[in-house]
Amino acid sequence: MPRPPEPGGAATLHRVYVKICGLREPGHVAAAVEAGADAVGFVLTRSSRRVTPERARELAAAVPPHVLTVAVFAGESPEQMREDALASGVRAVQLHGDHPHEDFTALRDLGLTLVRAGAAGVDLRCGAFDEDLLIVDAPRPGSGEPWDWAAVRGRPSGRWMLAGGLDPANVAGAIAAARPWGVDVSSGVESAPGVKDAGRIGEFVAAARGAATG
Ligand SMILES: O=C(O)c1ccccc1NCC(=O)[C@H](O)[C@H](O)COP(=O)(O)O
């Protein structure tokens with residue numbers, strides 16, 4: 001199973017992992033890859049950013065193996081997620097919201113990287129649901145709404161990404177405030193709701209890479 005790199009130790013400065021989410025166009029996927037993103041996300045759930053599994057497969061096919069391709073779900077059944085994940089050919093699935101531990105267990109045999117995502121009230125231990133990565137997000141995913149990132153500093157453990165209202169201008173400060181292992185963004189790299197912007201994608205990755213976390 002593909003696994004992302006280990007998080008840095010307590011006193012180790014490490015390269016921040018960067019995921020760009022909600023991509024719908026080949027040019028924006030290429031921009032994310034070119035900028036040096038570690039992961040790209042395709043939303044396969046109810047959203048203005050939704051793509052079909054077939055479209056996700058087309059987009060994922062152009063992504064080199066060192067970049068993780070992620071299908072994002074929220075509330076679908078394990079059967080539906082299995083079907084759509086396999087149809088899209090991604091290497092990771094992200095379960096957003098109130099999915100129970102059993103849903104992760106039901107997907108484990110697919111051999112994909114499992115990502116659990118939720119607001120700061122969820123269990124903040126990465127691996128608590130047998131997932132490989134954790135995203136700590138705003139209450140409304142994909143809304144672009146900032147929240148009190150510093151409030152979670154020191155609380156999540158393992159490979160965890162900060163998300164929710166990040167953009168090229170604030171991501172370095174958010175990293176300094178929360179000290180995450182990685183960051184995830186969607187709205188903050190768009191020029192209009194649901195419309196990605198190649199320039200902002202590049203700026204976001206550069207700003208996140210310019211920050212260090214320990
Ligand atoms: O992006 C969406 O539209 C979405 C809809 C439903 C569930 C999850 C969704 N996105 C998940 C993500 O990983 C986003 O990148 C994350 O919520 C951050 O979004 P934003 O605040 O817009 O940067």
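This briefing covers the barrel, a helix that packs on its sheet, the annotated span and the surroundings of the ligand. The model is a predicted one. Its strands β1-β2-β3-β4-β5-β6-β7-β8 form, in that order, a closed barrel of eight strands with parallel pairing, and 26 residues lie around the ligand.

**Barrel and sheet**
- From one strand of the barrel to the next, the twist has an average of 25°.
- Strand β7, which spans residues 160-163, runs parallel to β8 and is joined to that strand by three bridges; within this region Met161 stands opposite Gly182 of β8.
- Helix α3, made up of residues 78-88, packs on the sheet, where the helix touches β2, β3 (68-73) and β4 (92-96); the direction of α3 makes about 150° with that of β3.

**Annotated span**
- An unreviewed UniProt entry carries the annotation "domain: N-(5'phosphoribosyl) anthranilate isomerase (PRAI)", which in that record covers residues 18-206.
- Over residues 18-206 the model has 29% helix and 23% strand, and the C-alpha atoms at the two ends of the span lie 10 Å apart.

**Surroundings of the ligand**
- Of the 26 residues around the ligand, the ones that come nearest are Cys21, Ser47, Pro141, Gly142 and Ser187.
- Two or more residues of this shell are given by each of the elements β2 (39-43) and β8 (182-185), and both of these strands belong to the closed barrel.
- By residue class, the shell around the ligand divides into 13 polar, ten nonpolar and three charged residues.

How values were computed. Residues are numbered from 1 along each chain as its sequence is written. This is a predicted model: local features need pLDDT of at least 70, side-chain atom pairs count only at pLDDT 80 or more; totals for chains, interfaces and linings use all residues. A residue is near a molecule or strand if its C-beta atom, placed from the backbone, lies within 6 Å of it. Helices (H or I, at least four residues) and strands (E, at least two) are DSSP runs, numbered from the N terminus. Ala, Val, Leu, Ile, Met, Phe, Trp, Tyr, Cys and Pro count as nonpolar, Asp, Glu, Lys and Arg as charged, and the others, Gly among them, as polar. UniProt positions are given in the numbering used here, feature names are shortened, and annotations may be inferred rather than shown by experiment. Two strands pair if DSSP finds at least two bridges between them. Axes are lines fitted to C-alpha atoms, for helices over the stretch in contact, and angles run from 0 to 180 degrees between N-to-C directions. Two residues are in contact if their C-beta atoms, placed from the backbone, lie within 7 Å.
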